[in-house]
Amino acid sequence: MAESATATKPETPAAPAEKPKFTAKLRYARISARKMRYVVDLIRGKDYNSAIAILRSCSKRGAMFCKKLLESAFGNATDIINTKDLEVDVNKLHIVEARVDPGPIIKRWRASSQRRPTMIKKRLCHVIFTLEERDLKESRPERAKRQKQDRQRQAAAQKAAAKQAPAGAAEAKPKDAKPKEEKK
């Protein structure tokens with residue numbers, strides 16, 4: 001059902017070290033590409049662990065296909081890492097490429113009103129996932145929390161510096177402060 005691919009490695013030692021990519025393909029899935037894209041869009045760019053968590057809770061039919069394929073890509077990665085002794089942290093694997101291509105259309109005929117035949121199109125699709133090692137991104141809530149803590153630390157440091165400075169120095173103006181102009 002899912003095809004495995006090998007990791008790509010740099011050929012020349014002088015070239016910058018490329019990170020290996022691990023690919024898995026699902027071909028001829030019996031679901032339309034449009035329906036599958038709804039699910040793939042949810043996990044594109046995410047790390048492996050969060051993508052699996054999203055797919056477990058997703059109620060779409062395509063989530064089952066994507067979850068199995070993503071697990072297959074992860075299995076390919078661990079197999080290649082173990083056999084080729086690559087230094088890749090499996091906890092940092094991210095979905096670099098998530099592509100859904102339309103497949104062939106199976107055409108069937110069904111009787112319609114007034115003896116007319118109506119074509120039924122049973123659509124298939126091909127799905128490709130590529131994993132690569134990347135650093136974990138900080139989510140927006142985590143980044144906001146960290147920035148807030150940084151601001152609080154700076155404010156506390158400024159208060160501590162103001163308490164240590166003499167009282168007359170706090171009232172003195174900095175040298176590069178410009179005097180206010182009077183209105184005429």
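Which residues in α1 meet which residues in α2? Select Val39, Leu42 and Ile43 in α1, then Ala51, Ile54 and Leu55 in α2: these are the residues that meet, where contact means heavy atoms within 4.5 Å. By class, this contact has 6 nonpolar, no polar and no charged residues. The classes are: Ala, Val, Leu, Ile, Met, Phe, Trp, Tyr, Cys and Pro nonpolar; Asp, Glu, Lys and Arg charged; the others, Gly among them, polar.

Before going on, note that this is a predicted model, in which local features need pLDDT of at least 70 and side-chain atom pairs count only at pLDDT 80 or more, while totals for chains, interfaces and linings use all residues. Residues are numbered from 1 along each chain as its sequence is written, and side-chain values use heavy atoms, with hydrogens and water left out.

**Stop 1: α1 and α2**

Show helix α1 (residues 33–43) and helix α2 (residues 48–57) as ribbons; they pack at an angle of about 140°, with their axes 9 Å apart. That angle makes α1 oblique to α2. The classes of angle are roughly parallel under 35 degrees, roughly antiparallel over 145, roughly perpendicular from 65 to 115, and oblique for the rest. Axes are lines fitted to C-alpha atoms, for helices over the stretch in contact, and angles run from 0 to 180 degrees between N-to-C directions. Helices are DSSP runs (H or I, at least four residues), as are strands (E, at least two), numbered from the N terminus. The crossing of α1 past α2 is right-handed, that is, the near helix is turned clockwise from the far one by less than a right angle, whereas anticlockwise would be left-handed.

**Stop 2: α2 and α3**

Keep α2 and add helix α3 (residues 62–84): the two pack at an angle of about 155°, with their axes 9 Å apart. That makes α2 roughly antiparallel to α3. Here the crossing is left-handed. To see the contact, select Tyr48, Ala51, Ile52, Leu55 and Arg56 of α2 with Ala63, Cys66, Lys67, Leu70, Glu71 and Phe74 of α3. By class, it has 8 nonpolar, no polar and 3 charged residues.

**Stop 3: Ile81**

Move along α3 to Ile81. Is Ile81 buried or exposed? Ile81 counts as buried, at 9% relative accessibility; buried means under 20% relative accessible area, exposed over 50%, and partly exposed in between (1.4 Å probe, protein chains only). Leaving out residues up to four places away in sequence, Ile81 touches Phe22, Leu86, Val88 and Val90. Pro20 is 61 residues from Ile81 in sequence, yet the C-alpha atoms are 9.4 Å apart.

**Stop 4: the cysteines**

Select Cys58, Cys66 and Cys125. How many disulfides does a search of the whole structure find? The search finds 0, a disulfide being a pair of cysteine sulfur atoms within 2.5 Å. For Cys58, the closest cysteine sulfur is in Cys66, 8.4 Å away and too far for a bond. Cys58 is buried, with a relative accessible area of 18%. Cys125 is in no disulfide either, its nearest cysteine sulfur being that of Cys66 at 8.3 Å. Cys125 is buried at 0% relative accessibility.

**Stop 5: two loop residues**

Finish with Asp85, in the loop between α3 and β3 (93–111). Its phi is near 55°, positive in a residue other than glycine. Asp85 counts as exposed, at 66% relative accessibility. Gln114 lies in the loop between β3 and β4 (117–133). The phi of Gln114 is also positive, about 55°, and Gln114 is exposed, with a relative accessible area of 65%.
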